[in-house]
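Hi,

Here is the structure I promised to pass on. Have a look at it first, and my notes follow underneath.

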Amino acid sequence: MDRAQKEVVVGDLGQIFADSGVVVVAHYEGLTVAEMTDFRLRMKSAGGAVRVAKNKLAKIALKGTPGEKMGDLLKGMTVLAYSEDPVAAAKVVEAYAKDNKKLVVLGGAMGATPLDEAGVKAVAAMPSREELIASIVACIGAPAGNLVSAIGAPAANIAAILTTLEEREAA
């Protein structure tokens with residue numbers, strides 16, 4: 001790889017570190033090509049991506065950025081998993097690491113906040129953006145549903161009383 005190619009890779013990595021909601025660093029030593037492909041597909045379906053890069057180039061890309069402390073994790077055979085959604089990449093990496101012990105989570109960064117292994121697990125346990133939106137919509141819709149049932153309740157009560165009176169007269 002010549003100097004121009006290395007500059008392109010450093011630029012790409014810098015863009016990844018700047019645009020991602022979360023970046024997770026893991027060791028992948030011993031993963032087969034099929035396992036790595038499966039990992040990449042799982043990450044892609046969750047809206048994230050996986051990147052294997054030379055540690056030295058990744059450290060250069062991290063220099064002067066808020067996530068510079070993440071450079072300490074870049075030793076050995078490392079893979080970067082990242083996503084715009086601050087939770088997606090962490091969830092996929094944690095789930096895959098449970099299934100495949102060859103993928104070892106080292107840590108990562110969420111914006112300027114460095115994460116250790118426990119931090120990645122904590123982020124993975126958080127609800128995703130879609131889950132949060134669904135719960136907010138449910139909270140907003142609940143009062144409207146209660147209002148509709150409160151407005152309809154007197155009519156339902158009157159109908160029940162009339163039905164009871166009709167049954168008594170028929171008996």
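The axes of H4 and H5 approach within 8 Å and cross at roughly 110° in this predicted model. Since 65 to 115 degrees counts as roughly perpendicular, that is the label H4 gets relative to H5. On the H4 side the residues involved are Ala90, Lys91 and Glu94, and they meet Val120, Lys121, Val123 and Ala124 of H5. Sorted by class, this contact has 4 nonpolar and 3 charged residues, with no polar ones.

Both helices also turn up in the largest nonpolar core, which has 23 residues. Val24, Phe39, Met43, Val79, Val93 and Leu103 have the most contacts inside that core. At least two residues each come from E1, H2 (33–45), E3 (78–83), H4 (88–99) and H5 (117–125), and H4 gives the largest share, with 6 residues.

If you want one residue to click on there, try Leu103: leaving out neighbours within four places in sequence, Leu103 is in contact with Ala26, His27, Tyr28, Leu31, Phe39, Val79, Val93, Tyr96 and Ala97. There is also a second, separate core of 17 residues, with Leu13, Ile16, Ala53 and Met70 among them.

One last spot is Ser20, in the loop between H1 (3–19) and E1 (22–27). Is Ser20 buried or exposed? Its relative accessibility is 11%, so Ser20 counts as buried, the cut-off being under 20%. A polar atom of the Ser20 side chain lies 2.7 Å from the backbone oxygen of Ile16. Not counting residues up to four places away in sequence, Ser20 touches Tyr82 and Ser83.

Cheers

Key. Residues numbered from 1 in each chain as written. Predicted model: local features only at pLDDT ≥ 70, side-chain atom pairs only at ≥ 80, totals over all residues. Heavy atoms only, no water. Helix = DSSP H or I, 4+ residues; strand = E, 2+ residues; numbered from the N terminus. Buried < 20%, exposed > 50% of the residue type's maximum accessible area, 1.4 Å probe, protein only. Polar contact = N/O pair within 3.5 Å; in protein donor to acceptor, adjacent residues only side chain to side chain. Contact = heavy atoms within 4.5 Å. Core = buried A, V, L, I, M, F, W, Y, C linked by side-chain atoms within 4.5 Å. Axes fitted to C-alpha atoms, helices over the stretch in contact; angles between N-to-C directions. Parallel < 35°, antiparallel > 145°, perpendicular 65-115°, else oblique. Nonpolar A, V, L, I, M, F, W, Y, C, P; charged D, E, K, R; others polar.
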